[in-house]
Amino acid sequence: MWLIFKKELRELLRDRKTLIFMIALPLLVFPLLAGVGIFFGSNAMEKAQNEVLRFAITGNTELTQIDEKMLAEPDKFERVELSPEADYMALIRREQLDFVLEIPDNYHPDILSAGQHTLNLYYNDAELNLVYQRVAAIVDPISEAFQIQAFNTLQLNDKQQAALITPLVIERKNVADDREVWGERLGAILPYFLFILCLQGAMAPAADMGAGEKERGTLETLLITPMPRHKLVMGKFLAICLSGIITALLTVSSMAIWSFVLAQGMAIKFVADLVASVGVTDFMLMFMMLIPVVAIFSSLLLSLSIYARSFKESQSYMGGLIMIAIFPIVLSMIPGTKLEGVWVWVPLTNVSLAMKELMKGTMDYFALLGIFGSTVIIAGVLLAFSVHWFNREKVLFR
């Protein structure tokens, strides 16, 4: 068995494609892609914030100060004159205008006599242009000035003004700390990346060790050796498993290191606080839980690879496994699904839920018994099926 394991391991280390999936993806490619996404996202927001918006104001503009305030900022707003019969929406769709603000005819600063005014803002919200936010930044101070003028007319003190603006206030007292809040949000998507990376790390070597051997014609040579077939399967299984485990270890390490770099380099406080609160033990537990998950994936991948006639056919079968890996994670995202009761014993879903609990700092460590028990049993059953599959001549020589 160990001879087969060493042989497969040597071949893995010679294969550049496998090394890319095992090492480059978790350590460099995914962090790089995330960094590029953050860079372009922040640049797009900055561009939208500083873009000169072409606007028009229609209706009763005599007493409004809105156009004056916008024209006072020529680096942000540019007024366009419209004919009375102009079609606002068509002009905005053709990107000849960014927005049109329609002022009601009864507009007047004395809101006690004129009442509440509704300003209609026409713009294309499908574009990243921050039109509403930038117009609100102009209109809100004017609205507050009208409000203060009305309060002064009514001779209301500060206490009465506050009560009139908001008669009832709900003050939130969140009993959850920052780790629990951010762990709930980030912990839900973390298993998605980890499961897919572990699957990707084991996929390439699995395809090579079954279907690849058939294509190269080396499977027959392997079968005539005096070594029992279950040892051949175990050697291949351990090599695939090691590939997936290395990917899992590098992924968890990369996640911890890049989170630390992101928190320190970009001074993102919540990331720094979250990473500091999770701790080494929780990261180790996440890695330990990934080991039986990798064993499940390795057994399934090896069975599919043995069954396939060619490398290409095995890859088409393995593509479907991604859905199997994602479905348990989707179950863990259903509102109300928690790591308790029957969910403790549902393989893969319980690992996904446990990772979220570890990120939140609310893990029930007694649940580890069910998590490791169920995933190890499933991995053992699937490995036994791989051995049975490898002993069938109809499967090996389809």
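**Entry 1: burial and the first pair**

I call a residue buried when its relative accessible area is under 20%, exposed when that value is over 50%, and partly exposed in between. I keep in mind throughout that this is a predicted model. I looked up aspartate 98 first and noted it as buried, because its relative accessible area is 13%, under the 20% cut-off. Its side chain meets that of arginine 54 in a salt bridge, with 3.8 Å from N to O. I then placed both partners along the chain: aspartate 98 sits in the loop between helix H4 (88–93) and strand S3 (99–103), whereas arginine 54 belongs to strand S1 (residues 53–59), and this pair, 44 residues apart, links distant parts of the chain. For arginine 54 I wrote down a relative accessible area of 29%, so I count this residue as partly exposed.

**Entry 2: a network around arginine 79**

I asked myself how many salt bridges the structure holds, and I found six. Another of these joins the side chains of aspartate 67 and arginine 79, at 3.0 Å from N to O. Because aspartate 67 lies in helix H3 (residues 66–71) and arginine 79 in strand S2 (residues 77–79), the pair ties together parts that are 12 residues apart in sequence. Which residue besides aspartate 67 forms a salt bridge with arginine 79? I found glutamate 81, whose closest N and O atoms with arginine 79 are 3.6 Å apart. I therefore drew Asp67, Arg79 and Glu81 in my notes as a linked network of salt bridges.

I also checked how accessible each member of this network is. Aspartate 67 counts as buried, at 11% relative accessibility, while arginine 79 is partly exposed at 24%. Glutamate 81, at 63% relative accessibility, counts as exposed.

**Entry 3: a nonpolar patch**

I turned next to the surface, where Leu186, Ile189, Tyr192, Phe193 and Met333 form a nonpolar patch, and I noted that together they have about 430 Å² of accessible area. I wanted to know where methionine 333 is placed, and I located this residue in helix H13, which covers residues 311–333. Is methionine 333 buried or partly exposed? I recorded methionine 333 as partly exposed, because its relative accessible area is 38%, a value between the 20% and 50% cut-offs.

Technical notes:
Residues numbered from 1 in each chain as written. Predicted model: local features only at pLDDT ≥ 70, side-chain atom pairs only at ≥ 80, totals over all residues. Heavy atoms only, no water. Patch = residues over 30% accessible without salt bridge, like charges linked within 9 Å, V, L, I, M, F, W, Y side chains within 5 Å. Areas by Shrake-Rupley, 256 points an atom, 1.4 Å probe, with all protein chains shown as cover. Salt bridge = Lys/Arg side-chain N within 4 Å of Asp/Glu carboxyl O. Helix = DSSP H or I, 4+ residues; strand = E, 2+ residues; numbered from the N terminus. Buried < 20%, exposed > 50% of the residue type's maximum accessible area, 1.4 Å probe, protein only.
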